[in-house]
Amino acid sequence: MNDPSYLNTVAEVTIAPSGQGEELSTYVAQVIRVIRESGLPNQTNAMSTVIEGDLHRVMEVVEEATRVLAEQGYRTGVSLKLDIRSGKRDQIHEKVERVDRILGGENR
């Protein structure tokens with residue numbers, strides 16, 4: 001299935017409130033819940049979350065996740081990086097696998 005209007009997007013996003021102290025896990029968990037419930041492939045690590053899907057849908061999810069905190073009155077910071085490639089899919093896994101193959105299959 002090759003949809004010419006589909007723009008595969010891998011997004012790295014960090015969304016967090018400002019001025020809420022040094023531990024933000026409770027706030028970040030609210031954001032991550034929205035991302036996970038979106039149904040888009042995603043991976044969370046200690047610094048950010050990677051999301052993959054069509055550009056339009058990825059941006060919708062980023063907005064929905066941002067609103068979770070902003071609509072509670074928190075000043076909310078968003079850091080967003082996008083890699084957009086037409087004709088690609090499953091880059092969230094394939095990119096890592098490609099590097100692992102280059103390294104000879106070593107574990108990270």
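Student: Where does Val78 sit?

Tutor: Val78 is in strand β4. Keep in mind that this is a predicted model.

Student: Why does Val78 count as partly exposed?

Tutor: Its relative accessibility is 40%. Buried means under 20% and exposed means over 50%, so with 40% Val78 is partly exposed.

Student: What makes Val78 part of a nonpolar patch on the surface?

Tutor: A patch residue needs over 30% relative accessible area and no salt bridge, and nonpolar side chains are joined within 5 Å. Val78 clears the area cut-off, because its value is 40%. Its partners in the patch are Leu7, Met59, Leu80, Leu82 and Ile84, and the whole group has about 430 Å² of accessible area together.

Student: Which element gives the most to that patch?

Tutor: Strand β4, residues 76–86, which puts in four residues.

Student: Let's turn to Thr66. Why is Thr66 called buried?

Tutor: Thr66 has a relative accessible area of 18%. The cut-off is under 20%, so Thr66 makes it into the buried class. Thr66 is in helix α2, and if you leave aside neighbours within four places in sequence, Thr66 is in contact with Ile15, Thr76 and Val78.

Student: How do you know that α2 has the length expected?

Tutor: Helix α2 covers residues 55–70, which is 16 residues. From its first C-alpha to its last it reaches 22 Å, close to the 22 Å expected at 1.5 Å a residue.

Student: What puts the buried residues of α2 on the same side?

Tutor: Those buried residues are Val58, Val61, Val62, Ala65, Thr66 and Leu69. They cover an arc of only 130° around the axis, so they share one side of α2. They pack against β1 (7–17), α1 (25–37), β3 (49–54) and β4.

Student: How do you know that the span of α1 agrees with its number of residues?

Tutor: Its 13 residues should span 18 Å at 1.5 Å a residue, and the end C-alpha atoms are 18 Å apart, so the two agree.

Student: Which residues of α1 are buried?

Tutor: Tyr27, Val31, Ile32, Val34 and Ile35. They stay within an arc of only 155° around the axis, so they too lie on the same side of their helix, α1. Thr26, Arg36 and Glu37 are exposed on the other side of α1. What covers the buried residues of α1 includes β1, β2 (42–44), β3 and α2. Gly39 follows α1 and has a positive phi, near 85°.

Student: On to the charged residues. What makes Glu60 and Arg57 a salt bridge?

Tutor: Side chains of opposite charge can pair when their charged atoms come close. The cut-off is 4 Å from a side-chain nitrogen of Lys or Arg to a carboxyl oxygen of Asp or Glu. In the Glu60–Arg57 pair the closest N and O atoms are 3.1 Å apart, so the pair qualifies.

Student: Why are Glu60 and Arg57 separated by about one helical turn?

Tutor: Because they are three residues apart in helix α2. Glu60 is partly exposed at 30% relative accessibility, and Arg57 is partly exposed at 26%. Arg57, Glu60 and Glu64 are linked in a network of salt bridges.

Student: How do you know that Arg67 forms a salt bridge with Glu71?

Tutor: Their closest N and O atoms are 2.8 Å apart, so the 4 Å cut-off is met.

Student: Why does Glu71 count as exposed?

Tutor: Glu71 has 58% relative accessibility, and exposed means over 50%, so Glu71 is exposed. Arg67, at 40%, is partly exposed.

Student: What makes Lys95 and Asp83 a salt bridge?

Tutor: Their closest N and O atoms are 2.2 Å apart, so they satisfy the 4 Å limit. This pair links distant parts of the chain: Lys95 is in helix α3 (residues 91–102) and Asp83 is in strand β4, 12 residues apart. Lys95 is partly exposed at 28%, and Asp83 is partly exposed at 28%.

Student: How many salt bridges does the structure hold?

Tutor: Seven.

Student: Which pattern does the chain follow along the sequence?

Tutor: β-α-β-β-α-β-α, with three helices and four strands. Buried residues make up 28% of the 108 residues.

How values were computed. Residues are numbered from 1 along each chain as its sequence is written. This is a predicted model: local features need pLDDT of at least 70, side-chain atom pairs count only at pLDDT 80 or more; totals for chains, interfaces and linings use all residues. Side-chain values use heavy atoms; hydrogens and water are left out. Patches are made of residues with over 30% relative accessible area and no salt bridge: like charges are joined within 9 Å, nonpolar side chains (Val, Leu, Ile, Met, Phe, Trp, Tyr) within 5 Å. Accessible areas come from the Shrake-Rupley method with a 1.4 Å probe; for residues, only the protein chains shown count as cover. Helices (H or I, at least four residues) and strands (E, at least two) are DSSP runs, numbered from the N terminus. Buried means under 20% relative accessible area, exposed over 50%, partly exposed in between (1.4 Å probe, protein chains only). The expected span of a helix is 1.5 Å times one less than its number of residues. The arc is that of the directions from the helix axis to the C-beta atoms. Contact means heavy atoms within 4.5 Å.
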